[in-house]
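Okay, thanks for making time, everyone. I'll walk you through one structure today, with an eye on where the charged side chains go and how the helices pack.

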Amino acid sequence: KTCTAYDTDETQKANMPIDINELRDYKGGDPAKWRKFMEQRFKPAAWVDEVIAEDEKWRALTKKKDELRKKVNQIQKEKITPKKKAKEDCTAEIAEMKAVQ
């Protein structure tokens, strides 16, 4: 096998992604260290701030999604299932659940 520049350990280390927890202050990360790292490699340090901002958006959306999922599960468990077991009409509850989704 012929060894190329892409096969070396140095190249693999240089192209490894940054663990997002390394950028999160509340997880013990140090964003300033990564800003300096980016500047040393002649890359924009603002990229670190952009990643942090996108991560905050992602976490907010994930939280909202989880809350909606919890509400849907609650409607199913507390309203729809008992009515289905009693063989009662539950179209209003199903519409409520679909409105949440």
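**Charge pairs and helix packing**

Let me start with a pair: Arg59 and Asp55 form a salt bridge, with the closest N and O atoms 3.2 Å apart. Before I go on, please keep in mind that this is a predicted model. Both Arg59 and Asp55 sit in helix H3, four residues apart, or about one turn of the helix. And there's a third member: salt bridges that share partners join Arg24, Asp55 and Arg59 into one network.

So, buried or exposed, where does Asp55 fall? Asp55 is buried, because its relative accessible area is 9% and the cut-off for buried is under 20%. Arg59 comes out at 29%, which puts Arg59 in the partly exposed class.

Now Arg24. Where does Arg24 sit? You'll find Arg24 in the loop between helix H1, residues 9-14, and helix H2, residues 31-40. Arg24 has a relative accessible area of 12%, so this one is buried too. If you leave out residues up to four places away in sequence, Arg24 touches Gly29, Asp55, Trp58 and Arg59. Both of the network partners, Asp55 and Arg59, are on that list.

For anyone who wants the general idea behind this, side chains of opposite charge can pair when their charged atoms come close.

How many salt bridges are there by this rule? The count comes to eight. I'll pick out a couple of others.

One of them is Glu22 with Lys33, where the closest N and O atoms are 3.7 Å apart. Glu22 is in the loop between H1 and H2 while Lys33 is in helix H2, so this pair ties together parts that are eleven residues apart in sequence. On accessibility, Glu22 is at 32% and so counts as partly exposed. Lys33, with 43%, is partly exposed as well.

Another is Lys57 with Glu54, whose side chains meet in a salt bridge at 3.2 Å, N to O. Here both residues lie in helix H3, which runs over residues 46-85, and they are three residues apart, about one turn of the helix. Glu54 has 45% relative accessibility, so Glu54 is partly exposed.

**Stepping back to the whole chain**

Okay, overall picture. What does the secondary structure come to? Four helices and zero strands. Going along the sequence, the pattern reads α-α-α-α. The protein has 101 residues, and 17% of them count as buried. For the accessible surface, we get about 8,600 Å², and carbon and sulfur atoms hold 54% of that. On contacts: take those with a separation of 6 or more, and 27% are between residues 24 or more positions apart.

**How the helices meet**

Let's do H2 against H3. Their axes come within 8 Å and cross at roughly 140 degrees. That angle makes H2 oblique to H3, because roughly antiparallel would need an angle over 145 degrees. From H2, the contact uses Pro31, Trp34, Arg35 and Met38, and from H3 it uses Trp47, Val48, Asp49 and Ile52. By class, the residues in this H2 and H3 contact split into six nonpolar, no polar and two charged.

Then there's H3 against H4, with H4 covering residues 91-100. How far apart are the axes, and what is the angle? The axes are 10 Å apart and the angle is about 175 degrees, so H3 is roughly antiparallel to H4. On the H3 side, the contact residues are Leu68, Lys71, Val72, Ile75, Gln76, Lys79, Ile80 and Lys83. On the H4 side, we have Glu93, Ile94, Glu96, Met97 and Val100. Sorted by class, that contact has seven nonpolar, one polar and five charged residues.

One residue from that contact I'd like to point at is Glu93, over in helix H4. Is Glu93 buried or exposed? With 13% relative accessibility, Glu93 counts as buried. Setting aside neighbours within four places in sequence, Glu93 is in contact with Ile75, Lys79, Ile80 and Lys83.

To wrap up, if you open the model yourselves, start with the network of Arg24, Asp55 and Arg59, then go over to Glu93 in helix H4. That's what I had, happy to take questions.

Conventions: Residues are numbered from 1 along each chain as its sequence is written. This is a predicted model: local features need pLDDT of at least 70, side-chain atom pairs count only at pLDDT 80 or more; totals for chains, interfaces and linings use all residues. Side-chain values use heavy atoms; hydrogens and water are left out. Helices (H or I, at least four residues) and strands (E, at least two) are DSSP runs, numbered from the N terminus. Buried means under 20% relative accessible area, exposed over 50%, partly exposed in between (1.4 Å probe, protein chains only). Contact means heavy atoms within 4.5 Å. A salt bridge is a side-chain nitrogen of Lys or Arg within 4 Å of a carboxyl oxygen of Asp or Glu. Accessible areas come from the Shrake-Rupley method with a 1.4 Å probe; for residues, only the protein chains shown count as cover. Axes are lines fitted to C-alpha atoms, for helices over the stretch in contact, and angles run from 0 to 180 degrees between N-to-C directions. Angles under 35 degrees count as roughly parallel, over 145 as roughly antiparallel, 65 to 115 as roughly perpendicular and the rest as oblique. Ala, Val, Leu, Ile, Met, Phe, Trp, Tyr, Cys and Pro count as nonpolar, Asp, Glu, Lys and Arg as charged, and the others, Gly among them, as polar.
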